[in-house]
Amino acid sequence: MGDRKEKLALYFQRLCAAREAGQTASLLSRHLTPAVFHQLMDKRTPMGSDLLDVIQSGVENLDSGTGVYAPDAAAYTVFAPLLYPIIAEYHGFDLSKNHPPCDFGDVTQLRDCDPEGKYVVSTRIRCGRSLADFPLNPSMTKQHYSALEALVSKQLKELEGELAGDYYPLLGMTKQVQNQLIEDHFLFKEGDRFLQSAKACEHWPVGRGIFHNKNKTFLVWVCEEDHLRIISMQKGGNIREVFSRLIQGVRKIEEKAKFSHDEKFGFLTFCPTNLGTTIRASVHIKLPLLSADYATLEAAAGRFNLQVRGTAGEHSASRGGVYDISNKRRLGLTEFEAVREMQEGVTELIRMERQLELKS
């Protein structure tokens, strides 16, 4: 206990020095003032998590954009003086309001945003979920990881119909299975330096695994960054089909697993940037004329609350002129609204590309 207090004090000193030297501009560095630090330095959650668990990644990685993680669901309340203003700033969220109740809406209002198949290569919609009876990283023990995997994998193996498939634990995985999952681009790797500093990769690969259905259009990642990443995807731009499959999967898993949910922030996950709906709805799309000037593409996407990434996700480059474009907002709107916002924005980007084609 004493060692952790000393380390916490040292980390705060390091953060303050980096801020004064202009070496960090993270949300953590702006919001962990001396007053907030002294208010929270002795706080602990019922599961035993402390302030060091929250800030350690942001201090060890001064180039972090956010710099904080939640070691368990209660951390959002216990460390609210730090986390609430960070969440408000990142999401543009009004703290006087509550995130709306979960609402998947009327999927018949969704459509194929590229029925000709000229622009959209594939569509992918995912959400994160945490199980209420388990802590989050870094408070998960080896026993927690094993118990969570046993609980979830049993349930996944009971899925039927289109969702039916197999679960592949990372521990003891054969080379043949590993190569197939890599070929399918399904296999996730141990976390990056930000997650490693947050102690999100402890006891790896115990408790980690991948489920996918026979058609490879429905996946669940177990204990990658979050307890569960539930993913629906397919070739083309049929957003209705992809979202309908995700809804079906989420509802089946929820029948036997209680998810962490908060009245103010919706579904709770490890990273405060991924709250509320936790929905990330994206397309891989080819827009050669619009993307000829990346700044133009990014500005156009921004007008529709969309985010542009490289083909392999954040911090990656485009391959073959294909970009990953997704919704930016996750908190303060419903699941249906998040997906529809992506649909309408992508439709507008395709319209802009067609206008440029007529001029060229």
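Is Asp 50 buried or exposed? Asp 50 is buried, with a relative accessible area of 6%. The legends below describe a predicted model, and they return to Asp 50 in the second view.

**Figure 1. The whole protein holds 12 helices and 10 strands.** The C-alpha trace spans about 65 × 45 × 40 Å along its principal axes. For 360 residues, a compact globule would have a radius of gyration near 21 Å, and the protein agrees with this because its own value is 21 Å. Of the 360 residues, 53% count as buried. Among contacts between residues at least 6 apart in sequence, 73% join residues at least 24 apart.

**Figure 2. Arg 44 and Asp 50 form a salt bridge.** The closest N and O atoms of this pair are 3.6 Å apart. Arg 44 is partly exposed, at a relative accessible area of 37%, whereas Asp 50 is buried, at 6%. Side chains of opposite charge can pair when their charged atoms come close. A search of the whole structure finds 20 salt bridges.

**Figure 3. Arg 111 meets Glu 344 in a salt bridge.** Here the closest N and O atoms lie 3.3 Å apart. Arg 111 belongs to the loop between α6 (80-91) and β1 (120-129), and Glu 344 to helix α12, so the pair ties together parts that are 233 residues apart in sequence. Both partners are partly exposed: Arg 111 has a relative accessible area of 32%, and Glu 344 has a relative accessibility of 36%.

**Figure 4. Lys 252 and Glu 255 are joined by a salt bridge, and a network of such bridges is found elsewhere.** The N to O distance between Lys 252 and Glu 255 is 3.6 Å. Lys 252 counts as partly exposed, with 36% relative accessibility. Glu 255 is exposed, with a relative accessible area of 55%. The network consists of Arg 4, Arg 44, Asp 50 and Asp 53, which are linked by salt bridges that share partners.

**Figure 5. The largest nonpolar core has 58 residues.** Which of its residues touch the most other members? They are Phe 243 and Ile 325. Helix α12 (residues 335-359) gives the most to this core, with 8 residues. Apart from this core lies another, of 38 residues, including Ala 75, Tyr 76, Ile 86 and Leu 268. In soluble globular proteins, nonpolar side chains tend to be buried together.

**Figure 6. Ile 325 is shown with its contacts.** Neighbours within four places in sequence are left aside. Ile 325 is in contact with Ala 281, Ser 282, Val 283, Ile 285 and Leu 287, among others. The contacts of Ile 325 also include Leu 297, Leu 306, Gln 307 and Val 308. Val 346 and Leu 349 are in contact with Ile 325 as well.

**Figure 7. Strand β5 pairs with β1 and with β4.** How many of the residues of strand β5 (residues 228-235) are buried? The strand is mostly covered, with 7 of its 8 residues buried. β1 and β5 pair in the antiparallel sense over 8 bridges, and within this pairing Ile 125 stands opposite Ser 232 in β5. Strand β4 (residues 218-222) also pairs with β5 in the antiparallel sense, over 5 bridges. On that side Trp 221 stands opposite Arg 229 in β5.

**Figure 8. β4 and β5 form a hairpin.** There are 5 residues between the two strands. In this hairpin Cys 223 takes a positive phi near 55 degrees.

**Figure 9. The structure holds 0 disulfides, and two of its cysteines are shown here.** A disulfide is a covalent bond between the sulfur atoms of two cysteines. Cys 113 is in no disulfide, and the nearest cysteine sulfur, that of Cys 127, is 20 Å away. Cys 113 is buried, at a relative accessible area of 9%. Cys 271 is in no disulfide either; the nearest cysteine sulfur belongs to Cys 201 and is 14 Å away. Cys 271 counts as buried, with 11% relative accessibility.

How values were computed: Residues numbered from 1 in each chain as written. Predicted model: local features only at pLDDT ≥ 70, side-chain atom pairs only at ≥ 80, totals over all residues. Heavy atoms only, no water. Core = buried A, V, L, I, M, F, W, Y, C linked by side-chain atoms within 4.5 Å. Buried < 20%, exposed > 50% of the residue type's maximum accessible area, 1.4 Å probe, protein only. Helix = DSSP H or I, 4+ residues; strand = E, 2+ residues; numbered from the N terminus. Contact = heavy atoms within 4.5 Å. Salt bridge = Lys/Arg side-chain N within 4 Å of Asp/Glu carboxyl O. Disulfide = S-S within 2.5 Å. Pairing = 2+ DSSP bridges. Rg over C-alpha atoms; globule rule 2.2 N^0.38 Å.
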